[in-house]
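Open the model in your viewer and keep the selection tool at hand. We will move from stop to stop, selecting a few residues each time.

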Amino acid sequence: MSQRELHEHRGYLADERKVAAYRAALAEVVKPADVVLDLGAGTGMLGYFACEAGAKSVIALERGDIIGLARRIAADNGHEDRISHVRALSTEARVDTPVDVVVCDQIGGLVHDAGILTCFADARRRLLAPGGRLIPAAFRIFLAPVTFDRGREAVDFWSSKPADLDVSAARVVAANTEWKYNVGPDDLTALSPGAELAAFASDHDEPIGGSAAFVVEEAGRLDGFVGWFEARMSPSVTVTNDPWSGERIDRWCNFYPVDEALDVRRGDRVRLRLDLRPRLGVVSWSADVTGERGDRRRYRHSTFRGSFLSAETVGTFVRDTPVPRTDRLDVLKAALDLIDGSRTQADIVEALDDRIGTTFVSSAELEAFVRNVATLAR
């Protein structure tokens, strides 16, 4: 676990362009006496920049175990008196007084896919003071038709027979998946310059739609579309993950494939429509390709078709079916009854230890169950 998290946060800290952009944006936006809320704080870097910018205090929200390390880093850098570390999801957190600034780095390749829009919309409704500011403040998203070998292989693999097995049932899933790749100009070829499909505030969690028309400038193979963003961090600071920009930050781009690759010629026309549903996490894209001779090819895709929804999972969505009584449900009721304000988690585990070997396979599983119940009860 520590290896994965250290590698992830090392990447965040080592991205000099992104780090400089957040530092400059906080310096521009934060005012003396501001209270700043850092969502998904990780090691706490953005909170330190807020302190540098003059923030009165910072609330660093982090749901992971790295919060303990963040507290030590804050102390080592002389910020422990102004940064409060709170272990919680932002959508479950409460603040005593609305904050002045909310900052977050949970930006996906096409913005929505790392959760920033829904987190910021929730923060705007519940946690941010009237007139409060968000960093980033707004986004623009772009897509371009591309030849992309890695993206094509990710789809076409499922039409092969690895280990002499027919796995073609997965091809529909692969062709309707929102793929994520760290790419630069040497990794893919744009068949036409990119186009802006939408612009929106960073707390916009309503449906986002847009369309663009492309004229093929370089003959090649249409594998799909690569998408990226431009983020307005503050009035004078922007960042982008544009794969063709020499100023791009180290953030993945999203690849939206077409089911079957298509050879296109210079002058062919491609029309793309995109529909994002941030709250649902569903993306739909369609493409119409028209050749010089009037021949036409249509593609329709949605990540809904790219999900692994099973009949068992869908069954849990049915609301008019009685909820079955199970051993684990009985233990949950017992655990909730034991939470009376005087018992510790260890006390509750001890009271339920007769369930080890039946409901729970080990004491560790019971302890984890009690921790989760205690967290839910907060």
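**Stop 1: a proline in a loop**

Select Pro-136. Pro-136 sits in the loop between β5 (128-135) and β6 (138-147). Remember throughout that this is a predicted model. Now add Ile-135 to the selection. The peptide bond that joins Ile-135 and Pro-136 is cis, with omega about 0°.

**Stop 2: two residues with positive phi**

Select Ala-33, in the loop between α2 and β1. Its phi is positive, about 80°, although Ala-33 is not a glycine. Is Ala-33 buried or exposed? Ala-33 has a relative accessible area of 54%. The cut-off for exposed is over 50%, so Ala-33 is exposed.

Jump to Asp-164. You will find Asp-164 in the loop between α6 (149-156) and α7 (171-175). Here too phi is positive, about 60°, and Asp-164 is not a glycine. With a relative accessible area of 67%, Asp-164 is exposed.

**Stop 3: strand β1**

Select residues 35-39, which form strand β1. How many of the five residues of β1 are buried? Five of the five are, so β1 is largely enclosed by the rest of the structure. Turn on the side chains. Val-35, Leu-37 and Leu-39 point one way from β1. Val-36 and Asp-38 point the other way. Both sets are buried.

Next, look for the partners of β1. Add strand β2, residues 57-61. β1 and β2 pair in the parallel sense, over five bridges. To see one such pair, select Leu-39 and its bridge partner in β2, Leu-61. Now trace the chain from β1 to β2. The path runs through helix α3, residues 45-52. This β-α-β crossover is right-handed.

Then add strand β4, residues 99-104. β4 also pairs with β1 in the parallel sense, over four bridges. Here, select Asp-38 and its bridge partner in β4, Val-103.

**Stop 4: the largest pocket**

Keep β1 in view and show the surface. The largest pocket has a volume of about 760 Å³. Its lining is made of 31 residues. Which residues lie nearest the centre of the pocket? Select Glu-8, His-9, Gly-40, Glu-62 and Gln-106 to see them.

Colour the elements that give two or more residues to this lining: α1 (2-14), α2 (16-29), β1 and α3. α1 gives the most, with six residues. Colour the lining by class as well. The count is 14 nonpolar, eight polar and nine charged residues.

**Stop 5: His-9**

Zoom in on His-9, one of the residues nearest the centre of the largest pocket. His-9 belongs to helix α1. At 11% relative accessibility, His-9 counts as buried, since the cut-off for buried is under 20%. What does His-9 touch, leaving out residues up to four places away in sequence? Select Gly-42, Thr-43 and Ile-66.

Now draw a distance from His-9 to Leu-274, C-alpha to C-alpha. The two residues are 32 Å apart in space and 265 residues apart in sequence.

**Stop 6: strand β10**

Select residues 208-215, strand β10. One face of β10 is covered: Ile-208, Gly-210, Ala-212 and Phe-214. The other face is uncovered: Gly-209, Ser-211, Ala-213 and Val-215. Give the two faces contrasting colours.

Add strand β14, residues 269-277. β10 and β14 run antiparallel and are joined by eight bridges. Find Val-215 in β10, then look opposite to Arg-269 in β14.

**Stop 7: the cavity**

Search the whole structure for cavities of 30 Å³ or more, and there is one. The largest cavity holds about 30 Å³ of space. Select its lining: Phe-148, Tyr-181, Val-183, Leu-188, Val-226, Cys-253, Asn-254 and Phe-255. Which strand gives the most to this lining? β13 (residues 253-264) does, with three residues. By class, the lining has seven nonpolar residues, one polar and no charged.

**Stop 8: Gly-291**

Finish at Gly-291, in the loop between β15 (282-290) and β16 (296-302). At 6% relative accessibility, Gly-291 counts as buried. Leaving out residues up to four places away in sequence, Gly-291 touches Arg-265 and Asp-268. Last, draw a line between the C-alpha atoms of Gly-291 and Trp-228. They are separated by 27 Å, and the residues are 63 apart along the chain.

Technical notes:
Residues numbered from 1 in each chain as written. Predicted model: local features only at pLDDT ≥ 70, side-chain atom pairs only at ≥ 80, totals over all residues. Heavy atoms only, no water. Buried < 20%, exposed > 50% of the residue type's maximum accessible area, 1.4 Å probe, protein only. Pairing = 2+ DSSP bridges. Right-handed = clockwise from strand over helix to strand, strands pointing away. 1 Å grid on protein atoms, 1.4 Å probe; cavity = no way out; pocket = protein on both sides within 12 Å on 5 of 7 lines; lining within 4 Å. Points joined across faces, edges and corners; volume = space filled by probe spheres on them. Nonpolar A, V, L, I, M, F, W, Y, C, P; charged D, E, K, R; others polar. Contact = heavy atoms within 4.5 Å.
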